[in-house]
Each structure stands twice: as C-alpha cells, then as structure tokens.
Amino acid sequence: MLTSDRFVRLCRARDMLREVGDRPLTIDEVAREAAISSFHFIRLFHALFGETPHQFRIRSQIERAKELLAVGDSSVTEVCMDVGFSSLGSFSDLFARRVGTPPSAYRRNVRSMVVVPGTLPKELIPGCLTLMGPAFAVFEKHPAAGSLRLGS
Amino acid sequence: MKIKLTSIMVEDQDKALKFYTEVFGFVKKHDIPVGHFRWITVVSPEGPPDVELALEPNANPVGKTFQEGIFKQGIPATAFEVENIDQECGRLKAHGVVFTQEPQRQGPVTIAICADTCGNLIQLYQRA
C-alpha cells in the first residue's frame with residue numbers, strides 16, 4: 001500500500017515534472033526529491049498515474065505546447081523553448097509524431113477554429129458529453145439521425 | 001426519473017477503456033467517435049445491464065483542475081460496490097493496482113481506495 005506520505009510526495013513529484021526551469025530536473029533528481037529510489041519511483045509513479053515519469057513529462061510538454069500554439073503569440077521556436085526543449089528539430093519531430101501535424105501546421109489548423117481571441121477553440125474542449133449520451137446511443141443505432149458536434 | 005448514466009473523467013480514453021475493462025472487469029457498451037474524442041461507456045457484467053459509466057475525456061481545463069485537485073486531497077472520484085473486498089483488492093493488486101487505503105471497516109461498510117491510472121482514486125466498498 002502507498003502510505004499517505006508517499007502519495008503526497010508522488011503528487012508533488014508530478015508537479016515538479018511539469019515545471020520548466022532553466023534546466024529540467026532529471027528523473028533521478030525528482031526521485032531523490034520524493035525520497036524514493038529511482039527504480040521504485042518509476043514503478044510507483046506508473047502504478048499511480050498510468051505512465052512513467054518520462055512519458056508524463058513529454059506529454060505535459062506537448063500539451064503545454066498545443067495550448068501555447070493555439071492561444072499565444074509566441075513563435076514556434078519560442079514555444080519550443082518555453083516548454084523546455086532546446087532543439088527546434090527534435091521538438092517539431094516529437095510534436096508531429098504525437099499530434100499528427102508539425103507545430104506550425106497545428107497552429108494554422110487550430111487558429112482557423114478560434115472564435116474568441118485568447119481562448120481555446122470549443123472543438124478542443126469536450127462540452128457536455130454526458131448530456132449527449134442518450135443522443136449518441138440513438139446515433140449509433142441510426143447513423144443517419146444527424147450530425148453531432150462537441151462543445152455545443 | 002431514473003439514473004442510468006454516470007461518468008468519470010479520464011486522462012486518456014484509450015488507456016481508460018483498457019483499464020476499466022481489463023483490470024476493473026467492466027464491459028464496453030458504447031465506443032463512438034465524436035470529433036476529437038469518443039463517447040465511451042462501460043457496464044458491469046454483474047449488472048444492471050443498462051446503468052452505464054461514461055469514460056469522459058478530461059480535456060476541459062476546468063475538469064482537469066478539479067480532477068487533479070481532489071486526487072491530491074486523496075478523495076475518490078467515485079465508488080464501486082464489490083461482493084468481497086479482500087478478494088477484489090487481492091485480484092487488483094495482482095494486476096499492479098496501487099492502493100492508498102487497505103480495506104478498512106467504517107461503520108456498515110468496508111472500504112478501500114485505489115488508483116485507476118487515469119487520474120482518479122476509486123473507492124471500493126463492501127456492505128456488511
């Protein structure tokens with residue numbers, strides 16, 4: 001069982017992995033902060049959050065980058081630096097692999113959806129899925145029933 | 001008025017469907033693509049067959065903040081009833097599930113709390 005002390009330290013470690021400082025902490029350093037051996041830290045982190053510390057950090061960086069590209073004014077290079085990458089090439093490659101489009105194309109696509117400046121496009125925020133559940137059930141049985149959109 | 005549908009927010013719908021079916025043992029009922037996300041529901045094989053749990057994406061930042069907030073406080077996002085809590089906890093641990101509370105008698109119920117690997121703590125309870 002996870003003691004509550006360990007649980008709190010793992011939650012804090014997750015926050016640390018999300019932070020972008022001058023130099024990102026290594027996984028070993030974060031484990032040390034959490035006072036857990038690296039091996040156990042990675043194992044426990046995965047059991048608690050469903051991904052390894054490294055996977056979590058990459059995902060956080062990509063998510064933050066998506067947000068900045070969607071609503072911010074920074075260039076792709078600035079976004080790359082802001083989320084903690086030092087090489088634009090590796091950032092763009094990783095972004096394209098994860099998201100399906102390179103950062104610049106992602107920005108163009110998302111910007112074309114933006115209605116209110118400075119906010120995320122509605123299409124990227126699931127609105128009322130639960131409320132629409134019964135409608136989906138109908139939709140599944142009768143695909144011609146109509147077109148359904150998120151965020152409405 | 002009936003309650004037929006409830007929902008839980010999840011970090012990654014694919015992983016959630018896998019965990020909720022393969023580890024918790026629920027059965028997929030719906031999986032319909034909707035824009036960038038999917039409408040996914042599961043039901044319990046122990047019934048009732050028409051009470052569904054939707055695995056909702058937590059992509060709404062407000063939802064994510066709430067989900068992470070209660071997680072950090074150690075508060076379960078929802079609770080599932082089990083027949084035999086000791087047996088269930090043993091089974092889940094064999095799957096690598098981590099518990100923040102071992103089965104503990106609390107009045108008329110025995111409860112335990114585990115992580116669903118999708119951003120939530122889940123309470124399991126057995127009625128006395």
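1. Let's start with burial in chain A: in this predicted model, 21% of its 152 residues count as buried. As for contacts, take the ones in chain A with a separation of 6 or more: 46% of them come from residues 24 or more positions apart.

2. Chain A is easy to describe by its elements. It has eight helices and zero strands, so to speak a run of α-α-α-α-α-α-α-α from the N terminus on.

3. One helix pair in chain A is worth a look. Helix α1 (residues 4–18) and helix α3 (residues 38–49) have axes that come within 11 Å and cross at roughly 90°. That crossing makes α1(A) roughly perpendicular to α3(A), because angles of 65 to 115 degrees get that label. On the α1(A) side the contact uses A:Leu10, A:Ala13 and A:Arg14, and on the α3(A) side A:Leu44, A:Phe45, A:Leu48 and A:Phe49. Sorted by class, there are six nonpolar residues, one charged residue and no polar ones in this contact.

4. Over to chain B, where an open sheet of four strands has the order β5-β8-β7-β6, with mixed pairing. The edges are β5 (78–81) and β6 (99–106), each of which pairs on one side only. From one strand to the next, the twist averages 20°.

5. Now for how those strands pair up. Four bridges join β5(B) to β8 (residues 121–127) of chain B, and these two run parallel; B:Glu81 stands opposite B:Tyr125 there. B:Tyr125 in β8(B) is also the bridge partner of B:Ile111. β7(B) and β8(B) pair in the antiparallel sense over seven bridges. At the other edge, β6(B) pairs with β7 (residues 109–115) of chain B over five bridges, again in the antiparallel sense, with B:Phe99 opposite B:Cys114 of β7(B).

6. Don't skip the turn between β7(B) and β8(B). The two strands form a hairpin with five residues between them, and in that turn B:Thr117 has a positive phi of about 60°.

7. Which residues of helix α3 (residues 85–94) of chain B are buried? They are B:Ile85, B:Cys89 and B:Leu92. Seen down the axis of α3(B), the buried residues fall within an arc of 65°, so they line one face of the helix. It helps to remember that an α-helix has 3.6 residues a turn, so residues three or four places apart point the same way. On the other side of α3(B), the exposed residues are B:Gln87, B:Gly90 and B:Ala94. The buried ones pack against α1 (13–23), β6, β7 and β8 of chain B, which ties this helix to strands from points 4 and 5. Just after α3(B) comes B:Gly96, with a positive phi of about 90°.

8. Last, α1(B) can be read the same way. Its buried residues are B:Gln13, B:Ala16, B:Leu17, B:Phe19 and B:Tyr20. Viewed down the axis of α1(B), they fall within an arc of 165°, so they line one face of the helix. B:Asp14 and B:Glu22 are exposed on the other side of α1(B). What covers the buried residues of α1(B) includes β1 (5–10), β2 (27–34), β3 (37–43) and β4 (52–57) of chain B. B:Gly25 follows α1(B), and its phi is positive, near 90°.

Technical notes. Residues are numbered from 1 along each chain as its sequence is written. Chains are lettered from A and ligands numbered from 1 in the order in which they are written. This is a predicted model: local features need pLDDT of at least 70, side-chain atom pairs count only at pLDDT 80 or more; totals for chains, interfaces and linings use all residues. A residue is buried if 20 or more other C-beta atoms lie within 10 Å of its own, exposed if 12 or fewer, and partly exposed in between; C-beta atoms are placed from the backbone. Two residues are in contact if their C-beta atoms, placed from the backbone, lie within 7 Å. Two strands pair if DSSP finds at least two bridges between them. Axes are lines fitted to C-alpha atoms, for helices over the stretch in contact, and angles run from 0 to 180 degrees between N-to-C directions. The arc is that of the directions from the helix axis to the C-beta atoms. Angles under 35 degrees count as roughly parallel, over 145 as roughly antiparallel, 65 to 115 as roughly perpendicular and the rest as oblique. Ala, Val, Leu, Ile, Met, Phe, Trp, Tyr, Cys and Pro count as nonpolar, Asp, Glu, Lys and Arg as charged, and the others, Gly among them, as polar.
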